[in-house]
Amino acid sequence: MAQFWRPGSARPRASLIDDEEGGVLFLSSPAPSSSSGFGYSSLERQRQRLPVFKYRDAILYLVENHATTIIVGETGSGKTTQIPQYLKEAGWAEGGRVIACTQPRRLAVQSVASRVAEEMGVKIGEEVGYTIRFEDQTNPGVTMIKFLTDGVLIREMMDDPLLTKYSVIMVDEAHERSISTDMLLGLLKKIQRRRPELRLIISSATIEAKSMSNFFQNRKKVLEHFAMDSVPNQLPAIVSVEGKGYTVDIYYVEEPVSDYLQTTVDTVLLINEKESPGDILVFLTGQDDIDAAVKLLTDATHDDKKRSSGLLILPLFSGLSRVDQDLVFAPTPRGKRKVVISTNIAETSLTLEGVVYVVDSGFSKQRFYNPVSDIESLVVAPISKASARQRAGRAGRVRPGKCFRLYTEDYFLKEMAADGIPEMQRSNLVSCVIQLKALGIDNILGFDWLASPPPEAMVRALEVLYSLSIVDDDVKLTSPIGYQIAEVPMDPMVSKMVLSACDLGCSEEMTTIAASLSVQSIWVSGRGAQKASDEVKLRFAAAEGDHITFLNVYKGFINSGKSSQWCYKNYVNYHAMKKVVDVKEQLCRLLRRFGLALKSCEQDTQILRKAIIAGFFANSCYMEEYSHNGLYKTIRSSQEVYIHPSSVLFRVNPKWVVYHSLVSTDKHYMRNVIAIDPSWLIEAAPHFYQTRSPNLALY
Ligand code: CDP
Ligand code: MG
């Protein structure tokens, strides 16, 4: 069992502060006397008790008078749910105008939108709506406050480059520096020059307000034909909302932990045993380890009746169904202690009331891209100090709390990076480049970035776009394919695969495959019976691989009349399948709009695989003759990779494969794999393989 100690308690060491800047997390402020009666007051009273309420008039004044307002405030202070309502109350949604609030995460969009609808006493999709990819819950002409992902707002610019329907755009969670947020900030700055009446709000928990302010300080003159009195001050305003977080005591492990999952479980049990009532929030990395931890914890409490009493164990991650989300946010039943095991979505985007204890694994899943090997993968990587502080802060919401860090204090002080790296600088830029090009921005390195992307990554992206025939020799989008791909709201490689399927006559099947790839997983995991689920999976498994297997599952689901019973029996995720049906429908609608016909190849899997390769030829791998243990190498960079255990080709190990994505833990694992004939690669992308042919000569 991990040993924790608390800085400031009995340990004969000099430095007892939380971080080198000397900042303990929060200064405690007196508890509002009514805080214990939180559940009993009206929503209106709750709204007025939020820290941001005191700043209501100041914020409205600044937004009125400044083109850009930067708002920094503790998570949970009411920025996301309140500010859009204040703006509406002040008239910013009058005359058919709309107030937009962007979030980097889809789940956050849904969750805050329903909260705001509830506070306003309206039905979601009417005055308050939201839009995420493949799901639009708005009513044009009626919706006044619209929550959306920053990616969706960028897409809206393709139809309406100046985003004319919005009066105020609030870019929320800006500190996360997602790739879409960074793109959006640069694009909005451009729009501001053409629309001086547009108001921007940049809000976040920990933003570097000064550099953001410098970025938005518009030195270029705004268009002259606007009367000067209608033009707001171009100097950004900054508001800092004082939080009311309580003190959080930090505990570190004495020795580095070797198995953070097991230590997490032990720590939760320890808290449950030793600490007073209060919910526990655990930060792990992704659905896989969250499912594993839920299972370990369920098993551990199952054995021991006494300890099990009271623990309500709930997962929280992006792909979670609506029903499960509601469980997480529902008040903890009397006599129970909620344990929410979450990705970093609960770090700043969502507030869980009632959390008093935080267990921080010190890791999160992050996208990393290596332009040399041209490999992008999701990697379990250490978080930054800024994240660690945010995570700890979640424990101080209702009363003083405790944070248990599963790393040593030494590690925190000496090794943890101060801040994370913006996603822009660790991503494959293919999608980003194609979207900017579609918006008419050709010189992408010359774009006004908050922080420039690495030039090598840019060169790589252009190379891929060229090989996919999305850009031509002059690096312009090709017509129609380049423009069509830019319009499909999916990864360009997936879009290319779908459009090629239209040419090859297998679009009916390919839209199903693309839709299946758009959900986290169509399989249920973590229900315990791994062996049983693997056996059931075999019934659907296609020898060609996962993509073709999706078609079998989809067929079974449709034939069952889209039955949830059927899904349960077959370890298929019902919510994911409903989503697949929905995404497929939208994709088909888009293809029809392009004037492309839907055709079936009657499951001719060779044609299907060729269409997949048309998009994914760059992800090809082969297994060497003498290879053991399922070791593959990528053709483009001889990177060592393995087939993920969730794939139907795991242990089958065909000689040549193409994968959809890589997940990296101890090794690089290929997720969603199909077996191919290598001659198809040269057929599909002769230009791409010309320079890398030595490996292809192997077959
Ligand atoms: O954006 P910020 O982190 O500043 O706060 P917020 O998300 O606007 O949350 C303000 C309050 O609304 C918190 O007390 C949340 O607990 C509550 N809230 C909620 O109860 N349910 C939601 N889905 C979202 C927020
Ligand atoms: Mg927020």
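The following paragraphs lead through the architecture of this protein chain, from its overall composition to individual strands, helices and residues. The model is predicted.

The protein chain has 699 residues, of which 56% count as buried. Its secondary structure comprises 27 helices and 22 strands. Contacts that link distant parts of the sequence are well represented: among contacts between residues at least 6 apart in sequence, 74% join residues at least 24 apart.

A convenient point of entry is an open sheet of eight strands, arranged in the order β5-β4-β6-β3-β7-β8-β2-β9, with mixed pairing. Its edges are formed by β5 (135-137) and β9 (237-241), each of which pairs on one side only. From one strand to the next, the twist averages 20 degrees. Within this sheet, strand β2 (residues 68-73) runs parallel to strand β8 (residues 199-204), and five bridges join the two. One of the positions that fixes the register is Ile-71, whose bridge partner in β8 is Ser-203.

Helical elements pack against this sheet. Helix α6 (residues 179-194) touches β2, β3 (98-103), β7 (166-171) and β8, and its direction makes about 150 degrees with that of β7. Helix α7 (residues 209-216) lies across β2, β8 and β9, and runs at about 170 degrees to β2.

The edge strand β9 merits separate attention. Its pairing with β2 is parallel and consists of five bridges; in this pairing, Gly-73 has Val-241 in β9 as its bridge partner. The two faces of β9 can be told apart by their covering: Ala-237, Val-239 and Val-241 make up the covered face, whereas Ile-238 and Ser-240 make up the uncovered one. Val-241 thus appears in both descriptions, as the bridge partner of Gly-73 and as a residue of the covered face.

Further along the chain, attention turns to strand β17 (residues 401-405). This strand is largely enclosed by the rest of the structure, because four of its five residues are buried. Its strand partners include β10 and β14. Strand β10 (residues 248-253) pairs with β17 in the parallel sense over five bridges, and Ile-250 stands opposite Cys-403 in β17. Strand β14 (residues 355-360) also pairs with β17 in the parallel sense, over four bridges; here Tyr-357 has Lys-402 in β17 as its bridge partner.

A contact between two helices comes next. The axes of helix α15 (residues 430-438) and helix α16 (residues 455-467) come within 9 Å and cross at roughly 75 degrees. This crossing angle makes α15 roughly perpendicular to α16. On the α15 side, the contact involves Val-430, Val-433, Ile-434 and Lys-437, which meet Met-458, Ala-461, Leu-462, Val-464 and Leu-465 in α16. By residue class, the contact of α15 with α16 divides into eight nonpolar residues, no polar residues and one charged residue.

Two buried positions illustrate how later helices are connected to other parts of the sequence. Ser-500 lies in helix α18 (residues 492-504) and is buried, with a relative accessible area of 8%. With residues up to four places away in sequence left out, Ser-500 touches Ala-611 and Ala-614. Ala-576 is found in helix α23 (residues 574-593) and is likewise buried, with a relative accessible area of 8%. Under the same exclusion of residues up to four places away in sequence, Ala-576 touches Val-519, Ser-521 and Ile-522. The C-alpha atoms of Ala-576 and Val-524 are separated by 9.2 Å, although these residues are 52 apart along the chain.

The cysteines complete the picture. A disulfide is a covalent bond between the sulfur atoms of two cysteines. The structure holds zero disulfides, and distances involving Cys-506 show this for two positions. The closest cysteine sulfur to that of Cys-502 is in Cys-506, at 8.3 Å, which is too far for a bond. For Cys-601 the closest cysteine sulfur is again in Cys-506, at 4.9 Å, and this too is too far for a bond, since a disulfide requires the sulfur atoms to lie within 2.5 Å. Cys-502 is buried, with a relative accessible area of 11%, and Cys-601 is also buried, with a relative accessible area of 11%.

How values were computed
Residues are numbered from 1 along each chain as its sequence is written. Chains are lettered from A and ligands numbered from 1 in the order in which they are written. This is a predicted model: local features need pLDDT of at least 70, side-chain atom pairs count only at pLDDT 80 or more; totals for chains, interfaces and linings use all residues. Side-chain values use heavy atoms; hydrogens and water are left out. Buried means under 20% relative accessible area, exposed over 50%, partly exposed in between (1.4 Å probe, protein chains only). Two strands pair if DSSP finds at least two bridges between them. Axes are lines fitted to C-alpha atoms, for helices over the stretch in contact, and angles run from 0 to 180 degrees between N-to-C directions. Angles under 35 degrees count as roughly parallel, over 145 as roughly antiparallel, 65 to 115 as roughly perpendicular and the rest as oblique. Contact means heavy atoms within 4.5 Å. Ala, Val, Leu, Ile, Met, Phe, Trp, Tyr, Cys and Pro count as nonpolar, Asp, Glu, Lys and Arg as charged, and the others, Gly among them, as polar.
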